[in-house]
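Reader: I have a model open and want to learn how to read it. Can we go through it feature by feature?

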Amino acid sequence: MTETISAQGRNGQVTFDGKTVTITREGFAARLMHGRSEKAIMLRQITAVQFKQATPMLLGYIQFSVPGEISKNAIRGSGKNAAAKDENAVIFTNNVGDDFATLRTAIQSALADL
(Lines give C-alpha, C1' and ligand atoms only; values in the text may rest on other atoms or scores of the structure.)
Protein backbone atom coordinates (compact mmCIF):
# COMPACT_ATOMS: atom_id res chain seq x y z
CA MET A 1 0.00 0.00 0.00
CA THR A 2 1.50 3.33 -1.01
CA GLU A 3 -1.49 5.63 -0.73
CA THR A 4 -1.86 7.63 2.48
CA ILE A 5 -5.36 7.66 3.96
CA SER A 6 -6.51 10.38 6.38
CA ALA A 7 -9.66 11.11 8.32
CA GLN A 8 -10.39 14.25 10.34
CA GLY A 9 -12.32 13.76 13.59
CA ARG A 10 -13.50 16.11 16.30
CA ASN A 11 -10.51 15.63 18.58
CA GLY A 12 -7.82 14.69 16.10
CA GLN A 13 -6.82 13.43 12.69
CA VAL A 14 -5.78 9.85 11.89
CA THR A 15 -3.40 9.16 9.01
CA PHE A 16 -2.31 5.73 7.76
CA ASP A 17 0.55 5.32 5.29
CA GLY A 18 0.56 1.52 5.12
CA LYS A 19 3.07 1.07 7.95
CA THR A 20 2.22 3.67 10.59
CA VAL A 21 -0.96 5.08 12.11
CA THR A 22 -0.42 8.70 13.14
CA ILE A 23 -2.83 10.56 15.41
CA THR A 24 -2.39 14.32 15.23
CA ARG A 25 -4.04 16.63 17.74
CA GLU A 26 -4.67 20.24 16.77
CA GLY A 27 -7.50 22.64 17.36
CA PHE A 28 -9.51 23.56 20.44
CA ALA A 29 -11.19 20.21 21.19
CA ALA A 30 -7.94 18.28 20.80
CA ARG A 31 -5.95 20.69 22.96
CA LEU A 32 -8.62 20.62 25.64
CA MET A 33 -8.30 16.85 26.15
CA HIS A 34 -4.78 15.99 24.99
CA GLY A 35 -2.81 19.12 24.25
CA ARG A 36 -1.29 19.67 20.84
CA SER A 37 0.53 16.48 19.92
CA GLU A 38 1.31 13.77 17.41
CA LYS A 39 1.51 10.06 18.15
CA ALA A 40 2.82 7.48 15.70
CA ILE A 41 1.87 3.82 16.18
CA MET A 42 3.68 1.23 14.06
CA LEU A 43 1.22 -1.16 12.40
CA ARG A 44 2.85 -4.21 13.99
CA GLN A 45 2.18 -2.72 17.46
CA ILE A 46 -1.60 -2.59 16.95
CA THR A 47 -3.40 -5.59 18.44
CA ALA A 48 -6.99 -4.45 17.85
CA VAL A 49 -9.02 -1.74 16.17
CA GLN A 50 -12.29 -0.84 17.88
CA PHE A 51 -14.75 1.08 15.73
CA LYS A 52 -18.17 2.52 16.41
CA GLN A 53 -19.89 4.14 13.45
CA ALA A 54 -21.41 7.57 14.06
CA THR A 55 -25.09 8.24 13.47
CA PRO A 56 -26.85 11.55 12.88
CA MET A 57 -27.52 11.69 16.64
CA LEU A 58 -24.40 10.05 18.12
CA LEU A 59 -20.65 10.45 17.69
CA GLY A 60 -18.54 7.50 16.59
CA TYR A 61 -14.95 6.61 17.39
CA ILE A 62 -11.95 4.60 16.28
CA GLN A 63 -9.58 3.25 18.92
CA PHE A 64 -6.31 1.39 18.62
CA SER A 65 -5.14 -1.16 21.21
CA VAL A 66 -1.40 -1.24 21.80
CA PRO A 67 0.39 -3.74 24.10
CA GLY A 68 1.84 -2.20 27.22
CA GLU A 69 -0.63 0.67 27.27
CA ILE A 70 -3.72 0.54 29.43
CA SER A 71 -6.64 1.97 27.55
CA LYS A 72 -8.37 4.77 29.41
CA ASN A 73 -11.52 3.40 27.82
CA ALA A 74 -11.12 0.20 29.85
CA ILE A 75 -10.51 2.13 33.05
CA ARG A 76 -13.24 4.76 32.88
CA GLY A 77 -16.08 2.92 31.19
CA SER A 78 -16.93 2.62 27.55
CA GLY A 79 -18.28 4.63 24.69
CA LYS A 80 -17.41 7.96 23.13
CA ASN A 81 -16.86 9.82 26.42
CA ALA A 82 -14.10 7.40 27.40
CA ALA A 83 -12.77 7.33 23.82
CA ALA A 84 -12.48 11.12 23.88
CA LYS A 85 -10.02 10.80 26.78
CA ASP A 86 -7.99 7.96 25.26
CA GLU A 87 -4.81 9.06 23.48
CA ASN A 88 -5.19 6.13 21.04
CA ALA A 89 -8.74 7.07 19.98
CA VAL A 90 -10.38 9.74 17.86
CA ILE A 91 -14.08 10.60 17.91
CA PHE A 92 -15.92 11.69 14.79
CA THR A 93 -19.27 12.86 13.46
CA ASN A 94 -21.58 11.14 10.99
CA ASN A 95 -20.54 13.37 8.07
CA VAL A 96 -16.99 11.90 8.11
CA GLY A 97 -18.00 8.38 9.13
CA ASP A 98 -17.27 6.97 5.66
CA ASP A 99 -13.72 8.37 5.82
CA PHE A 100 -13.13 6.58 9.13
CA ALA A 101 -14.72 3.35 7.83
CA THR A 102 -12.33 3.43 4.84
CA LEU A 103 -9.41 4.06 7.19
CA ARG A 104 -10.45 1.15 9.44
CA THR A 105 -10.75 -1.20 6.47
CA ALA A 106 -7.28 -0.26 5.20
CA ILE A 107 -5.70 -0.78 8.63
CA GLN A 108 -7.45 -4.11 9.17
CA SER A 109 -6.39 -5.32 5.71
CA ALA A 110 -2.79 -4.34 6.41
CA LEU A 111 -2.94 -6.10 9.81
CA ALA A 112 -4.24 -9.27 8.15
CA ASP A 113 -1.26 -9.20 5.76
CA LEU A 114 1.33 -9.09 8.57
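Reader: Start with contacts. Which residues does Leu114 touch, not counting residues up to four places away in sequence?

Author: First, a caution: this is a predicted model. To read contacts, skip the sequence neighbours and look for partners from elsewhere in the chain. Leu114 touches Leu43 and Arg44. Leu43 is 71 residues away along the chain, and its C-alpha atom is separated from that of Leu114 by 8.8 Å.

Reader: Where does Leu114 lie? Is Leu114 buried or exposed?

Author: Place the residue against the elements, then check its accessibility. Leu114 lies in the segment after helix H4, which covers 97-112. Its relative accessibility is 64%, so Leu114 counts as exposed. The cut-off for exposed is over 50%.

Reader: Now the overall picture. How many helices and strands does the protein chain have?

Author: Count the elements, then read their order. There are four helices and seven strands. From the N terminus, the order is β-β-β-α-β-β-β-α-α-β-α. Of the 114 residues, 42% are buried. Look at the contacts between residues at least 6 apart in sequence: 49% of them join residues at least 24 apart.

Reader: How do I read a sheet? What is the order of the strands in the sheet of four?

Author: Write down the strand order, then the direction of pairing, then the edges. The order here is S1-S2-S3-S4, the sheet is open, and the pairing is antiparallel. S1 and strand S4 (37-42) stand at the edges; each has a single partner strand, so one side of each has no neighbour in the sheet. On average, neighbouring strands are turned by 15° against each other, direction ignored.

Reader: How many bridges join S3 to S4?

Author: Six, and the two strands run antiparallel. For one facing pair, take Val21, which stands opposite Ile41 in S4.

Reader: And the sheet of three strands? Which strands stand at its edges?

Author: Use the same routine. This open sheet has the order S5-S6-S7, and its pairing is antiparallel. Strand S5 (48-52) and strand S7 (89-92) are the edges; each has a single partner, so one side of each is left without a neighbour in the sheet. The twist averages 10° from one strand to the next. H4 packs on this sheet, touching S5, S6 and S7, and its direction makes about 160° with that of S5.

Reader: How many bridges join S6 to S7?

Author: Four bridges join S7 to strand S6, residues 60-65, and the two run antiparallel. Gly60 has Phe92 in S7 as its bridge partner. Gln63 stands opposite Ala89 in S7.

Reader: Which way do the residues of S7 point?

Author: In a strand, sort the residues by the side they point to. Ala89 and Ile91 point one way, Val90 and Phe92 the other, and all are buried.

Reader: Now the helix. Does the length of H4 agree or disagree with what its 16 residues should span?

Author: Compare the expected span with the distance between the ends. At 1.5 Å a residue, H4 should span 22 Å, and its end C-alpha atoms are 22 Å apart, so the two agree.

Reader: Which residues of H4 are buried?

Author: List them, then ask what covers them. The buried ones are Gly97, Phe100, Ala101, Leu103, Ala106, Ile107 and Ala110. Their cover includes strands from both sheets, among them S1, S2, S3, S5, S6 and S7.

Reader: What about a polar side chain? Is Gln63 buried or exposed?

Author: Check burial, then look for a polar partner. Gln63 is in strand S6. Its relative accessible area is 4%, so Gln63 is buried. Its side chain makes a polar contact with the side chain of Asp86, at 2.5 Å.

Reader: Last, charges. How many salt bridges does a search of the whole structure find?

Author: One. Find the charged pair, then ask which parts it joins. The side chains of Lys39 and Glu87 meet at 2.8 Å, N to O. Lys39 lies in strand S4, and Glu87 is in the loop between helix H3 (80-85) and S7, so the pair ties together parts 48 residues apart in sequence. Glu87 has 38% relative accessibility, so Glu87 counts as partly exposed.

Terms used: Residues numbered from 1 in each chain as written. Predicted model: local features only at pLDDT ≥ 70, side-chain atom pairs only at ≥ 80, totals over all residues. Heavy atoms only, no water. Buried < 20%, exposed > 50% of the residue type's maximum accessible area, 1.4 Å probe, protein only. Contact = heavy atoms within 4.5 Å. Pairing = 2+ DSSP bridges. Axes fitted to C-alpha atoms, helices over the stretch in contact; angles between N-to-C directions. Expected span 1.5 Å × (residues − 1). Polar contact = N/O pair within 3.5 Å; in protein donor to acceptor, adjacent residues only side chain to side chain. Salt bridge = Lys/Arg side-chain N within 4 Å of Asp/Glu carboxyl O.
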